[in-house]
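Biologist: I am new to this structure and would like a close look at a single part of it, the aromatic rings. Please take me through how they pair and what lies around them.

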Amino acid sequence: MRFLIFIACISCSFSQNNKKAVSKNINCCKDIALPSGYLRTKSNDSLFAQYLRNIQFKADNQVLLYDGSPKYNQDAQYRVLNLGVGKKNLQQCADAVIRLRAEYLFKSKRFTEIKFHFTSGHLCKWLDYAEGFRPQISGNSVSFNKSAPKDNSEKSFIHYLDLIYTYCGTASLHKELNPKNIKSIEVGDVLIKTGNPYGHAVIVMDVAKNKFGERIFILAQSYMPAQEIHILKNTEAIALNPWYKAIEGTIETPEWTFSSGDLRTW
């Protein structure tokens, strides 16, 4: 945890298509086969959707921890994002969501939008960090003072994210996001649940819908300890795997149970 407390029936044609998809090369989310009658959606933030859909997968399908060892449970992932995890126990669940959003904003030069609240409630902006402002932390007391030279490089941005991972978590991220109806789910939305002492967060990597407006989606997560971000299997509806149906009620992922009311957006 952080300091300062981040169906009705499925058609046979889809089941067959899904088996074929697993056997061929799947390089990113946009390569994952769709059920018959579904098309990928256009999101409000179409560039963020494009970014997430095009993140490359690792050639192998093993989830590694921050120390290089394999995760104990290798049955949860459908594919693994080729992004690495760093060498510190930092990139856990909310951190992975923050990372994907922040790196997209950084690459898109939307620097003013890169800002996250610590669990204490204090706002930490990338542009302030790039100017040399660093937090001075004592218990729940935080002040920002200019104590480092100006540096807006990618390396400095990585250090900024390490700071965010350290002092943010599911509780703070939950407050920054806005509730959303599951039937309007879009790429980039977040399923997030706070808890005592633990919560969890996963991000929506892809969405499709049929002519009736019914939506399906794909999820990605990191977990504890810090580990590579991976696409989750749907072990409750094997014929849909890795897609989930956007319906009200319980959403069972391999390592966490959400409800449709846990959906939030940026």
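Modeller: Tyr104 is buried in this predicted model, because its relative accessible area is 2%, and its ring forms an aromatic pair with that of Phe48, the two centres being 4.8 Å apart and the planes meeting at 35 degrees, which makes the pair tilted. Phe48 belongs to helix H2, which covers residues 46–53, while Tyr104 belongs to helix H3, so that this pair links distant parts of the chain, 56 residues apart. Phe48 is likewise buried, with a relative accessible area of 1%, and one face of the Phe48 ring has Arg101 over it, at 4.7 Å from the ring centre.

A further tilted pair is made by Phe118 and Tyr167, with 5.3 Å from centre to centre and 45 degrees between the planes. Here too distant parts of the chain are linked, since Phe118 sits in the loop between strand E3 (115–117) and strand E4 (123–125), whereas Tyr167 is in helix H5, 49 residues apart. Phe118 counts as buried at 1% relative accessibility, and Tyr167, at 15%, also counts as buried, because the limit for that term is under 20% relative accessible area.

These two are among the 14 aromatic pairs that the structure holds. Ring pairs also join Phe106, Phe111, Trp126, Tyr129, Phe157 and Tyr160 into a cluster, and over the ring of one of these, Tyr129, sits the charged end of Arg134, 3.5 Å from the ring centre.

Helices H3 and H5, met above through Tyr104 and Tyr167, also bear on the largest pocket, as they are the elements that give two or more residues to its lining, H3 spanning 93–107 and H5 spanning 154–167. That pocket has a volume of about 360 Å³ and is lined by 18 residues, with Arg99, Glu103, Ile158, Leu161 and Tyr165 lying nearest its centre. The largest share of the lining, 6 residues, comes from H5, and the lining as a whole divides into 8 nonpolar, 3 polar and 7 charged residues.

Just past the end of the range given for H5, Cys168 is buried, with a relative accessible area of 1%. The closest cysteine sulfur to that of Cys168 is in Cys124, at 7.3 Å, which is too far for a bond, because a disulfide needs two cysteine sulfur atoms within 2.5 Å. The count of disulfides in the structure comes to 0.

Definitions and conventions:
Residues are numbered from 1 along each chain as its sequence is written. This is a predicted model: local features need pLDDT of at least 70, side-chain atom pairs count only at pLDDT 80 or more; totals for chains, interfaces and linings use all residues. Side-chain values use heavy atoms; hydrogens and water are left out. On a 1 Å grid over the protein atoms alone, a cavity is a set of points where a 1.4 Å probe fits but cannot get out, and a pocket is an open set with protein on both sides within 12 Å along at least five of seven lines; lining residues have an atom within 4 Å of a point. Grid points are joined across faces, edges and corners, and a volume is the space filled by probe spheres set on the points. Helices (H or I, at least four residues) and strands (E, at least two) are DSSP runs, numbered from the N terminus. Ala, Val, Leu, Ile, Met, Phe, Trp, Tyr, Cys and Pro count as nonpolar, Asp, Glu, Lys and Arg as charged, and the others, Gly among them, as polar. Buried means under 20% relative accessible area, exposed over 50%, partly exposed in between (1.4 Å probe, protein chains only). Rings of Phe, Tyr and Trp (its six-membered ring) pair if their centres lie within 6.5 Å; planes under 30 degrees apart count as stacked, over 60 as edge-to-face and the rest as tilted. A charge sits over a ring if NZ of Lys or CZ of Arg is within 6 Å of the ring centre and within 35 degrees of the ring normal.
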